[in-house]
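User: Hi! Could you walk me through a few features of this protein?

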Amino acid sequence: MALTAGLATALPASAHAAGPAGNADDTEVRVPAPVVYADGPQTLLTSGSDGMLHREGGGYLWTNTYNSRTTSVPELDGVPEESIVRQHDTVNRVTYTRPREDGGTDIVRIGVEDPRYGSTLTVPAGYRHPTVAGGWVLATVDRGDGTHRLVEYRNGRENPIQLPEGATIGAEPVTYGSAYGRLLIGWTDADGTPGYGVVSTPDNRVTPLPVTGEATSLRVTQEEVSWVTRDGGTTAVHIRGVDSTAAPRVVPLDVRSPDSPVQAYLVGDNVLWHEGESGALRLTPYAGAETARDLLTGVESGYQLIEGRGQFAALGKDADGRRGIHLFSVDGLGLVFDLPVRQAPRTEVGRGAVRALSLAGGRLRHTTDLSGTGTLHGLDIGVGPQPRRGAALPDFGGLAAGRFADGGDEGLARLVADPETGHDVLLTGDDPRQPADTFALPHADGRITAVSPEFLLYRAGGRLLVVDTARDRIVHDLPDQAAALDHGTLLVPSRWLPGTVGAVDLRDGGITRLLRTGASCVPDELQSSGTLLYWSCAGRDTAGVRDRATGRSWPAPAAGTLLGDRFLAARNGDTLRLTGLGADGGTADLGVVGHLKPAASGEEDRGRTWTVDPGAGKLAWVDADDTVHVTAPQQAVSPLVVADSVTPAVLGAAGWDGVWWLSRPAASWTVTLTDRRTGAEVRSWTGEATPGTVRVSWDGTSAAGAPVPRGDYAWKLTAAPADGAGAPATATGRVRVTG
């Protein structure tokens with residue numbers, strides 16, 4: 001491409017890596033992609049009297065309850081999680097089973113707090129389904145007639161368990177827990193109904209529990225045994241002394257559903273319970289000082305600690321939604337208190353991807369897709385020569401590239417689809433909850449391609465619409481073609497005079513000027529920045545920039561190019577080439593941006609991975625990590641000028657309203673009104689910072705409030721540049737008072 005090569009050869013030989021390439025200094029604002037953190041994986045595996053065994057995605061960990069110190073348990077490396085025995089152990093042992101090649105099973109116990117409690121017991125082949133509960137190892141032996149006998153295996157010998165008359169055991173023992181020489185088991189009675197009982201050492205005598213029908217959530221502590229029944233629609237916990245033969249205490253539970261499974265645990269004079277697999281942990285007192293309340297918002301798993309009258313170890317979520325391991329005990333006043341033992345580690349579960357961005361008037365906007373949800377974020381980056389991190393702007397619902405733009409007097413412009421018609425609706429305003437204005441458009445899936453204080457260009461359905469955003473009307477409806485906005489002027493190419501661009505006054509529709517680009521083609525793209533006009537005939541691989549004020553021209557790339565204030569940014573592979581356009585017709589090398597986020601295949605990357613502020617020397621781009629960078633590669637920006645104005649020549653019956661649009665933001669401004677006959681000042685107005693619009697209303701009175709005489713009056717606007725660069729902008733004019 002000849003013109004692109006010509007531009008490149010006009011640059012100095014030594015291109016530098018500008019601030020955008022990644023140097024973190026005061027010349028750059030960085031906005032990292034938002035990240036979603038959530039509680040990482042955590043599994044509570046078993047409990048001891050002084051700690052918990054758990055996993056957090058890697059090896060096995062033990063966290064003790066006396067100082068919350070967490071250590072690894074290397075002895076369990078390589079042990080499958082399903083082999084861990086999920087029962088409480090009073091001496092802080094972790095037990096797992098290991099099959100042997102000879103058909104037997106090893107019962108391996110690891111003393112986590114005290115290695116002396118570690119041991120390995122080998123259960124020979126022939127003892128089926130060895131089951132561990134505390135210090136007990138139960139197994140069944142096949143009698144050969146389809147029935148099984150239940151035995152305890154200890155110290156190399158078996159000890160029979162004497163079940164009640166007529167009771168039978170299946171191939172696999174049913175155990176619910178053990179506590180200090182007592183074991184809670186289940187069987188099937190002679191009539192086929194389930195039976196439950198407590199086995200006591202040393203004679204392995206079984207004491208049946210007074211359960212009628214089916215029971216769930218059977219627990220045993222050092223002092224009590226409990227179970228849950230549902231009878232006649234009532235869900236209740238039954239509690240009695242572990243060696244008692246008295247009738248149990250019955251504690252009804254206020255369940256949400258009569259059919260949901262309930263898990264209940266004893267802690268002092270209270271029942272801690274939850275419904276379903278992850279229901280809230282609720283406290284129901286049956287004596288003592290406690291009151292009914294919720295302890296956790298959800299429980300994933302838990303273990304009954306058997307010491308004394310019980311404690312409860314749970315993995316669940318607290319009121320703040322954090323997952324972790326908790327230990328619930330009773331204090332000296334009989335109240336249940338929560339000891340957080342270990343919070344689940346926070347892990348990154350989602351990183352936002354920037355889908356679109358814009359830069360205008362000191363405002364950075366970027367749409368970030370995070371976990372399937374798109375949000376338009378904004379940041380005030382200031383209007384000075386260097387970007388500065390300012391306040392965050394309000395968030396809006398996710399918008400695609402071309403569906404939002406800053407730069408209008410009405411605030412942020414955005415396109416949303418009407419749910420009934422599918423057509424676009426133009427919303428303006430900086431409050432996401434209450435748009436300042438809405439305007440229905442006649443097409444769908446359109447794009448905003450240019451914005452000025454009062455107008456915007458909207459493309460959809462093969463048409464180009466010029467929308468007057470101040471008055472909510474369409475002032476031009478044209479076939480889709482190249483076009484650009486310069487405040488109140490529409491720049492469009494002539495289809496009959498190749499190489500010619502016409503300037504149309506959008507307020508009266510008249511053509512004010514014809515501009516020759518020097519090419520023999522009809523441009524298919526136009527961009528405007530101040531007095532500069534970028535044009536491109538991509539089909540002929542030719543493009544350039546024309547200064548409408550001086551007539552100077554520069555060659556330019558015909559594709560992947562954006563025009564900022566006196567500089568060009570052009571995509572070249574994975575980099576951006578930045579070129580300054582001097583007022584004298586020369587060029588300057590402003591550097592190269594590397595590490596640019598690759599564009600999606602076949603997708604336009606301008607407005608998605610990089611953009612420029614057409615009214616400033618600033619550039620925004622997205623790197624491969626979806627961090628947005630804002631820099632100011634061009635410091636030699638255009639001077640502040642009054643780019644457009646509406647100033648009536650006569651004071652009307654409703655007064656006089658003057659509006660001036662500046663080429664860029666101003667720090668302050670003053671409008672003075674003088675009597676042309678006497679030179680005396682009649683009125684003055686002042687204002688502070690403005691993004692670019694000055695408005696003054698005059699009712700025809702003097703500063704003292706008296707009507708002024710008929711005659712001619714002169715106004716003068718003076719505005720100081722917000723970036724402090726260059727002289728103040730001035731404009732003058734007249735207004736006649738006839739009444």
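User: Thanks! Where is the place of Trp-496?

Analyst: Happy to help; bear in mind that this is a predicted model. Trp-496 helps make a nonpolar surface patch of about 530 Å², together with Leu-497, Ile-511 and Leu-514. Its place is in the loop between β44 (489-493) and β45 (500-505).

User: Does Trp-496 count as buried or exposed?

Analyst: The cut-off for exposed is over 50% relative accessible area. Trp-496 has 76% relative accessibility, so it counts as exposed.

User: How many residues of strand β23 are buried?

Analyst: Let's take the two faces in turn. On one side Asn-270, Leu-272 and His-274 are buried, and on the other Val-271, Trp-273 and Glu-275 are too. Strand β23 (residues 270-275) is therefore largely enclosed by the rest of the structure, and the count of buried residues is 6 of the 6.

User: Which residue stands opposite Trp-273 in β23?

Analyst: A good place to look is strand β22 (residues 262-267), which pairs with β23 in the antiparallel sense over 6 bridges. These two strands form a hairpin with 2 residues between them, and Gly-268 in the turn has a positive phi of about 60 degrees. Opposite Trp-273 stands Ala-264.

User: And in β24, which residue is the bridge partner of Val-271?

Analyst: β23 is joined to strand β24 (residues 281-285) by 4 bridges, and the two run antiparallel. Their hairpin has 5 residues between the strands, with Gly-276 taking a positive phi near 70 degrees. The bridge partner of Val-271 in β24 is Thr-284.

Methods: Residues are numbered from 1 along each chain as its sequence is written. This is a predicted model: local features need pLDDT of at least 70, side-chain atom pairs count only at pLDDT 80 or more; totals for chains, interfaces and linings use all residues. Side-chain values use heavy atoms; hydrogens and water are left out. Patches are made of residues with over 30% relative accessible area and no salt bridge: like charges are joined within 9 Å, nonpolar side chains (Val, Leu, Ile, Met, Phe, Trp, Tyr) within 5 Å. Accessible areas come from the Shrake-Rupley method with a 1.4 Å probe; for residues, only the protein chains shown count as cover. A salt bridge is a side-chain nitrogen of Lys or Arg within 4 Å of a carboxyl oxygen of Asp or Glu. Buried means under 20% relative accessible area, exposed over 50%, partly exposed in between (1.4 Å probe, protein chains only). Two strands pair if DSSP finds at least two bridges between them.
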